[in-house]
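Colleague: Could you take me through one part of this structure slowly, as you would for someone in their first year? I would like a close look at the place where the ligand sits.

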Amino acid sequence: MQNAQTALDKVVILGTGGTIAGTAADAGDTVGYTAGQLGVAQLVTAVPALAGQPLEAEQVAQLDSKDMRFDVWLQLATRLAHHLARPEVVGVVVTHGTDTLEETAFFLQQVLAPAKPVVLVAAMRPATALLADGPQNLLDAVLLARTPGCQGVLALLGGTVHAGGEVRKTHTYRLDAFGSGDAGPLAYVEADRVRALRPWPAPRAGAVERLAGLQSAPQPWPWVEIVTSAAGADGRAVQALQAAGVAGLVVAGTGNGTLHEALEAALRSAEVAGVQVLRCSRCLAGSVIEVPGALPAAGALTPQQARVALLLRLLHVD
Ligand code: ASP
């Protein structure tokens, strides 16, 4: 059983949409549904075990996370900073779609690196499914947000907890659809207890300044794209993007971040012309190990994470 809570153990639940808030006309339909239909207060009400707990629900957005926007990220980071600063709040849960959860989680960890838990929770099936996973995931997320000593941006689905800076979606439809590459999960939620496997993400000072930097950054935020090296690759995509004004390019290379020579030549000319280039691997796990003379490498970051890292660098808030 959970410990008795006091009003000082408040958990705030911020809603942003996603499949966890999705509905379908037919309970057997786990694909042809519409994401982001139910309000966050309805999601909380659907979990009887949350009744009577000191919770607050706030709707920050209502979208399918495939359509996530930078203005929503800014709003979410701003509301998170507000709630995390409240002494009575022990942690915050964010309901989110699974499609871009890894990008939001990475962004929030880089910007906030909080000393309290921020748990991104999602579902692979809509709320109307015969066997919906959202309610259990939400209950687990609140438990995690109340776990003493827990901190950092985390992602939770199917009883598995990942670090926000490492998580990535690895499967198109299974309930346990997330992984952390070589790093592996951070913890498991087992019934009503949390079993941590390694330390929670460390907090980093300067969140207020980084958030202020984002809030005052000129709009739109810098344009960063991902290009991929592959058989038959050439420099045309890079040249077209450069001509269109791209500010940063992440390249998903083969193996240890190796690049087709024609693509590399175009990237090097773009870099000379002022485009920032960051090299990672299209492999599903592993770090890119630096070799002398190569384009700058992004270590263990996935191309999606590297894109956010480069965006933040261009915004001068990394
Ligand atoms: N398209 C949905 C979303 O990302 C998928 C999901 O949540 O599972 O919002």
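Modeller: Here is a walk around the ligand, followed by a look at the chain that surrounds it. Please keep in mind that this is a predicted model.

Let's begin with the neighbours. The residues around the ligand are G18, T19, Y33, D64, S65, K66, G97, T98, D99 and A123. If you sort this shell by character, you get two nonpolar, five polar and three charged residues. You can find the members in the sequence as short groups: G18 and T19 belong to the shell, as do D64, S65 and K66, and also G97, T98 and D99. Y33 and A123 are in the shell too.

Now look at individual atoms. Which side chains place an N or O atom by an oxygen atom of the ligand? T19 is one of them, with a distance of 2.9 Å between its side-chain N or O atom and a ligand oxygen. The side chain of T98 is another, and here the distance to an oxygen atom of the ligand is 2.5 Å. On the nitrogen side, a polar side-chain atom of D99 lies 2.7 Å from a nitrogen atom of the ligand. How much of the ligand does the protein bury? Taken alone, the ligand exposes 270 Å², and the protein buries 93% of that.

Next, let's place this shell within the chain. The protein chain is divided into domain 1, residues 2-196, and domain 2, residues 221-314. The centres of these two domains, taken over C-alpha atoms, are separated by 31 Å. Where they touch, domain 1 gives 15 residues to the contact and domain 2 gives 14 residues.

The UniProt record, an unreviewed entry, adds names to two stretches. It places "L-asparaginase N-terminal" at residues 10-198, a span that is 24% helix and 27% strand, with end C-alpha atoms 25 Å apart. It also places "Asparaginase/glutaminase C-terminal" at residues 224-314. Over that second span the chain is 36% helix and 19% strand, and the end C-alpha atoms are 9 Å apart.

Finally, here are two backbone details to find on screen. A191, in the loop between β9 (187-190) and β10 (193-196), has a phi near 55 degrees, a positive value in a residue other than glycine. Further along, the peptide bond from Q219 to P220 is cis, with omega near -10 degrees. P220 itself is found in the loop between α5 (207-215) and β11 (224-228).

Technical notes. Residues numbered from 1 in each chain as written. Predicted model: local features only at pLDDT ≥ 70, side-chain atom pairs only at ≥ 80, totals over all residues. Heavy atoms only, no water. Near = heavy atom within 4 Å. Polar contact = N/O pair within 3.5 Å; in protein donor to acceptor, adjacent residues only side chain to side chain. Areas by Shrake-Rupley, 256 points an atom, 1.4 Å probe, with all protein chains shown as cover. Nonpolar A, V, L, I, M, F, W, Y, C, P; charged D, E, K, R; others polar. UniProt positions renumbered as here; feature names shortened; annotations may be inferred. Helix = DSSP H or I, 4+ residues; strand = E, 2+ residues; numbered from the N terminus. Domains from an automatic or database assignment. Contact = heavy atoms within 4.5 Å.
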